[in-house]
Amino acid sequence: YSIPSIRQRPMLLMGPPGIGKTQIMQQIAQECNIGLVAYTITHHTRQSAVGLPFIQEKTFDGKSYSVTEYTMSEIVYSIYQYMEESGKKEGILFIDEINCVSETLAPTMLQFLQCKTFGNHEIPEGWVIVAAGNPPEYNKSVREFDVVTMDRIRKIEVEADFQVWKEYAYANGLHPAVISYLNTKKQNFYQMETTVDGRCFATPRGWEDLSTMIGIYEKIDKTIDREVVAQYIQHPKIAKDFANYLELFYKYRTDYQIEEIFKGNPDEILMKKVSHASFDERLAVLGLLISKVNERIRFAVEKEEEMELLQGTLIRYKESGQAEVSKDALELLEEVTAGLLFEEKQKKEAELLSRRQEQNYRRAGTLLETYLQRLRLEGSMDFETAFAKIKEWFEEENQKYLQMGQTAEQYLEYAFDFLEGTGLTGQEMVIFITELNSNARSVAFLQECESERYFRYNKELLFSEKREKILEKLN
């Protein structure tokens with residue numbers, strides 16, 4: 001490495017709670033295909049961080065001495081254990097809430113940041129140290145680092161950013177009501193206030209967890225009320241406001257017959273009604289349209305990822321069949337299926353799989369298991385015949401994927417029909433296109449589809465933005 005170990009400055013992420021400092025590290029580890037071992041240091045005592053003392057006999061100049069040594073630190077041990085299980089030799093050691101360590105651990109933390117060691121044990125080469133902490137105003141247990149310590153780290157201030165979070169929200173399928181609400185009330189995305197009743201707050205972590213709970217409530221046909229919202233958004237005013245919005249979100253979904261719009265049967269009376277509705281109401285309906293289009297695009301993109309994973313496994317199966325002609329076709333398929341499942345298990349244990357990637361592995365594995373069952377029912381056959389059958393089954397699955405893509409494109413066209421039919425081609429159309437462009441999945445999908453209206457409105461939007469920037473400079 002270019003920088004020697006003693007000069008490799010640890011990074012310190014400083015920022016308020018609940019904005020995703022840990023998720024930043026998880027995303028980096030996944031994208032760089034490296035390991036991640038994460039600890040919250042407040043859970044540790046000096047013994048678990050440094051190790052336990054034991055007496056060792058040593059001989060110096062012919063004389064025997066009893067010397068105190070220490071067992072390996074639990075944290076250092078975890079890195080070696082992780083390397084053993086995952087095969088990853090490089091990674092990130094992430095220590096959260098580092099400025100909340102106990103008095104007994106403070107000197108150890110200084111040594112850790114300066115020398116990359118816990119007690120007598122070094123952090124393995126190839127591992128980067130990243131620490132995180134909250135500013136003193138958010139945590140009473142915070143100990144401020146002195147200049148000696150701060151001079152040995154790379155400090156990075158982290159703050160909440162709705163536009164960045166929104167990309168994450170779309171990619172992870174957060175509930176459309178949460179996204180559309182925050183689109184109109186960006187100031188409520190992150191709030192931290194001190195009142196006579198104590199600290200009131202709304203955080204990105206709270207919005208994500210609330211989104212998950214809304215989805216679960218919908219599955220069991222229950223409605224989230226204000227009390228449940230307040231458990232996640234601990235800011236009474238914002239919790240009340242969102243609960244009211246969620247109630248309207250469900251009402252508009254029923255009143256405007258959103259499902260009928262995406263069957264190509266919009267009600268003309270309702271179309272006229274929305275064109276004369278208040279701006280907030282039109283935005284809510286727009287949010288419903290965007291969520292349905294994004295949902296269908298997500299289904300198509302996820303199916304594409306699943307098919308790519310399945311295709312890669314079947315290519316390995318074909319290569320194995322050509323290389324190992326003595327092996328049975330069924331036995332070879334069992335081997336490549338087991339290989340895929342082992343790959344998923346290894347990546348999952350190494351925490352290198354996102355939830356979406358984990359689902360893709362599971363679905364691809366299920367399809368391979370189905371192919372195995374079909375081959376067993378077919379009876380003994382040579383490899384060429386078996387592969388021809390699997391190829392046929394794969395093509396059936398590929399047709400489902402193509403159909404999902406066509407459905408997503410059709411949903412987009414139905415949304416354009418509705419917006420044009422209601423005359424919402426001004427500000428509402430700008431918002432619709434902008435939201436589609438905020439979603440990485442949608443952008444990837446739309447680049448390959450043939451929606452003339454999307455490209456036309458998108459071009460107009462880009463032209464409008466350039467014009468506004470030019471006028472702004474002139475002014």
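These notebook entries record what I looked up in a predicted model, namely its sheet, the helices on that sheet and one pocket.

**Entry 1: the sheet.** I began with the strand order. I found an open sheet of 5 strands, arranged β2-β5-β8-β1-β9, with parallel pairing. I then asked which strands stand at the edges. They are β2 (35-40) and β9 (154-157); each has a single partner strand, so one side of each is left without a neighbour in the sheet. For the twist, I noted an average of 20 degrees from one strand to the next.

**Entry 2: one strand pair.** I looked up how β2 is joined to β5 and found 6 bridges between these parallel strands. Within this pair I located G35, which stands opposite G91 in β5.

**Entry 3: helices on the sheet.** I checked α1 and recorded that this helix packs on the sheet, where it touches β1 (11-14), β2, β5 and β8. The direction of α1 makes about 175 degrees with that of β5. I also checked α3 (residues 74-86), which packs on the sheet and touches β2, β5 and β8. The direction of α3 makes about 155 degrees with that of β2.

**Entry 4: the second largest pocket.** I noted about 400 Å³ of space in this pocket. I counted 21 lining residues, of which Q8, M11, W127, V128 and I129 are the closest to the centre. By class, I recorded 12 nonpolar, 4 polar and 5 charged residues in the lining. I then asked which elements supply at least two lining residues each. They are α1 (21-32), β5 (91-96) and β8 (127-133). The largest share, 4 residues, comes from β8.

Notes:
Residues are numbered from 1 along each chain as its sequence is written. This is a predicted model: local features need pLDDT of at least 70, side-chain atom pairs count only at pLDDT 80 or more; totals for chains, interfaces and linings use all residues. Side-chain values use heavy atoms; hydrogens and water are left out. On a 1 Å grid over the protein atoms alone, a cavity is a set of points where a 1.4 Å probe fits but cannot get out, and a pocket is an open set with protein on both sides within 12 Å along at least five of seven lines; lining residues have an atom within 4 Å of a point. Grid points are joined across faces, edges and corners, and a volume is the space filled by probe spheres set on the points. Ala, Val, Leu, Ile, Met, Phe, Trp, Tyr, Cys and Pro count as nonpolar, Asp, Glu, Lys and Arg as charged, and the others, Gly among them, as polar. Two strands pair if DSSP finds at least two bridges between them. Axes are lines fitted to C-alpha atoms, for helices over the stretch in contact, and angles run from 0 to 180 degrees between N-to-C directions. Contact means heavy atoms within 4.5 Å.
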